[in-house]
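Grab a pencil and let's work through a few exercises together. Try each task yourself before you read its solution.

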Amino acid sequence: MMSLMKAQPFYQSGGLMAIRCILGVLLIYHGTEVFDQSIINKYLSWDVFKISAGKTLVYTGKILELVAGIFFLLGFCTRIASLCTIGVMGFIAFFIGKGKIWYEDQHPFLFILLALVFFFTGPGSLSIDALLFKKKRVQ
């Protein structure tokens with residue numbers, strides 16, 4: 001019980017990995033909509049996408065969600081995945097949803113917050129990034 005009251009991290013590596021992987025799976029789930037033409041057509045019917053670049057925006061957003069999700073799941077290029085997620089979800093929350101983050105567009109905003117966590121903390125020690133960019137010890 002006392003360890004819950006301390007300021008030191010508590011199972012930090014495992015906790016970050018679990019949250020990062022769940023975030024990745026959720027983004028992959030949303031990103032796979034790129035393969036469902038009926039869902040894409042639904043998005044294209046929205047007023048915000050009735051512009052010449054509307055189709056490009058929808059496909060780009062869905063592909064970025066899918067790729068960022070895969071990167072989060074693997075812990076690979078995590079900060080790049082974070083920036084992609086912040087960009088896509090920021091567009092959804094603030095342009096499509098008109099910034100109504102207190103209730104109506106809370107989910108995209110929560111994705112932004114989770115992506116910010118991994119942007120600032122990195123993926124954790126249980127990731128491909130940690131293996132690739134591990135500092136070599138000088139002996």
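Helices here are DSSP runs of at least four residues, numbered from the N terminus. Keep in mind that this is a predicted model.

**Exercise 1.** Find out which helix gives the largest share of the lining of the largest pocket.

*Solution.* Start with the pocket itself: it holds about 560 Å³ of space. Next, look at its lining, which has 23 residues, and Tyr43, Lys62, Glu65, Ile92 and Ile96 are the closest to the centre. Now check the elements: helix 4, helix 5 and helix 6 each give two or more residues. Helix 4 takes the largest share, with seven residues. Last, sort the lining by type: you get 13 nonpolar, five polar and five charged residues.

**Exercise 2.** Work out why Cys21 and Cys77 are not in a disulfide.

*Solution.* First, the cut-off: a disulfide needs two cysteine sulfur atoms within 2.5 Å. Take Cys21: its closest cysteine sulfur belongs to Cys77 and is 15 Å away, so that's too far for a bond. Then take Cys77: its closest cysteine sulfur sits in Cys84, 9.7 Å away, which is also too far. Searching the whole structure fits with this, as it turns up zero disulfides.

**Exercise 3.** Describe the largest nonpolar core and pick out what Phe111 touches.

*Solution.* Begin with the members: the core has twelve residues, including Leu23, Leu27, Met89 and Phe111. Then see where they come from: helix 2 (12-31), helix 4 (54-74), helix 5 (78-96) and helix 6 (106-121) each supply at least two. Finally, zoom in on Phe111: leaving out residues up to four places away in sequence, Phe111 touches Leu23, Leu26, Leu27, His30, Thr85 and Met89.

Terms used
Residues numbered from 1 in each chain as written. Predicted model: local features only at pLDDT ≥ 70, side-chain atom pairs only at ≥ 80, totals over all residues. Heavy atoms only, no water. Core = buried A, V, L, I, M, F, W, Y, C linked by side-chain atoms within 4.5 Å. Buried < 20%, exposed > 50% of the residue type's maximum accessible area, 1.4 Å probe, protein only. Contact = heavy atoms within 4.5 Å. 1 Å grid on protein atoms, 1.4 Å probe; cavity = no way out; pocket = protein on both sides within 12 Å on 5 of 7 lines; lining within 4 Å. Points joined across faces, edges and corners; volume = space filled by probe spheres on them. Nonpolar A, V, L, I, M, F, W, Y, C, P; charged D, E, K, R; others polar.
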